[in-house]
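Me: I am new to this protein. Could you explain how its interior is arranged?

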Amino acid sequence: MQSVSALRRCTLALCRHQSQTTSIFLDFLAPTALPQRRHASTSPSSSKPRYVLSKKQREFLDASLRVNQAGELAATLIYTAQTPVVVRSHPHLRPLMKHMYDQEAGHLKTFKHLVAKHQVRPTAMYPIWEGVSTFLGWSTASLGREAAMACTEAVETEIGSHYNDQVRELLSWEADAERRGEELDVELKDMLATFRRIRDEELEHLDHAVANDSKEAKPYDPLVDVIRLGCRVAIKISEKV
């Protein structure tokens, strides 16, 4: 009986050893299993697994942050060039011009931080956009207050629409996560809230422009159409370059 008992103990020990060895060997042969297990992890504040972005979604975020940083740089330079000219003949607009500039400067600071944090490559077109934006601000202000406001209306129309597209895209990811029983990472939720807030502030600038006679600019249609087209082209280039 003692010999049988000893034999059983030896057999169980051998099975456990083989199981551990097999597990180590399989982990060695399949290193990709570890990232998959990490992807299924949950956040400390939720029992739901985290929504994992695809390569295409990450590329979308990179392009969005790159464009947003470039766009906010352009906005600050436009207002910097416009303000002295506009305020010289319309001193009562100083608080409004400062308010819009301060918001744009805050937006730029936000996206500089996000671009650095997420290691996104800034657009290589930075020097060109700097020159174009400064010229656009000075030239429209030189045409008069109405033209300066028409510039703001045109730019904010395109930028507001662009932010809206980004918000819709992130909301679609959120809906997809809910269908899967997952949830967006906290970083993505914060980014969605940031995009919404900045979009609303940009559209506020558009309202200010219309309230200050942007549509009285001469010539209104060609000026606005050219600026809007230029914004769309700049967005497409900055997404890639």
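**Packing inside the model**

Me: Leaving aside its neighbours within four places in sequence, with which residues is I227 in contact?

Reply: This is a predicted model, in which local features need pLDDT of at least 70, side-chain atom pairs count only at pLDDT 80 or more, and totals for chains, interfaces and linings use all residues. Numbering starts from 1 along each chain as its sequence is written, and side-chain values use heavy atoms, without hydrogens or water. Contact means heavy atoms within 4.5 Å. Beyond four places in sequence, I227 is in contact with L136, T140, C151, A154 and V155.

Me: Which element gives the largest share of the largest nonpolar core?

Reply: This core (buried nonpolar residues, under 20% relative accessible area with a 1.4 Å probe, joined through side-chain atoms within 4.5 Å) has 35 residues, of which L65, W173 and I227 touch the most other members. Two or more residues come from each of α3, α4 (94-117), α6, α7 (186-211) and α8 (220-240), helices being DSSP runs (H or I) of at least four residues. The largest share, 11 residues, comes from α6.

Me: How many residues are in the other core?

Reply: Another core lies apart from the largest one. Among its members are V85, V86, L96 and A209, and its residues number 12.

Me: Which elements give two or more residues to the lining of the largest cavity?

Reply: A cavity is a set of 1 Å grid points where a 1.4 Å probe fits but cannot get out; lining residues have an atom within 4 Å of a point. The lining consists of G71, E72, A75, I78, Y79, E104, C151, T152, V155, E156, I159 and E202. The elements that give two or more of these residues are α3 (55-89) and α6 (145-180).

Technical notes. 1 Å grid on protein atoms, 1.4 Å probe; cavity = no way out; pocket = protein on both sides within 12 Å on 5 of 7 lines; lining within 4 Å. Buried < 20%, exposed > 50% of the residue type's maximum accessible area, 1.4 Å probe, protein only.
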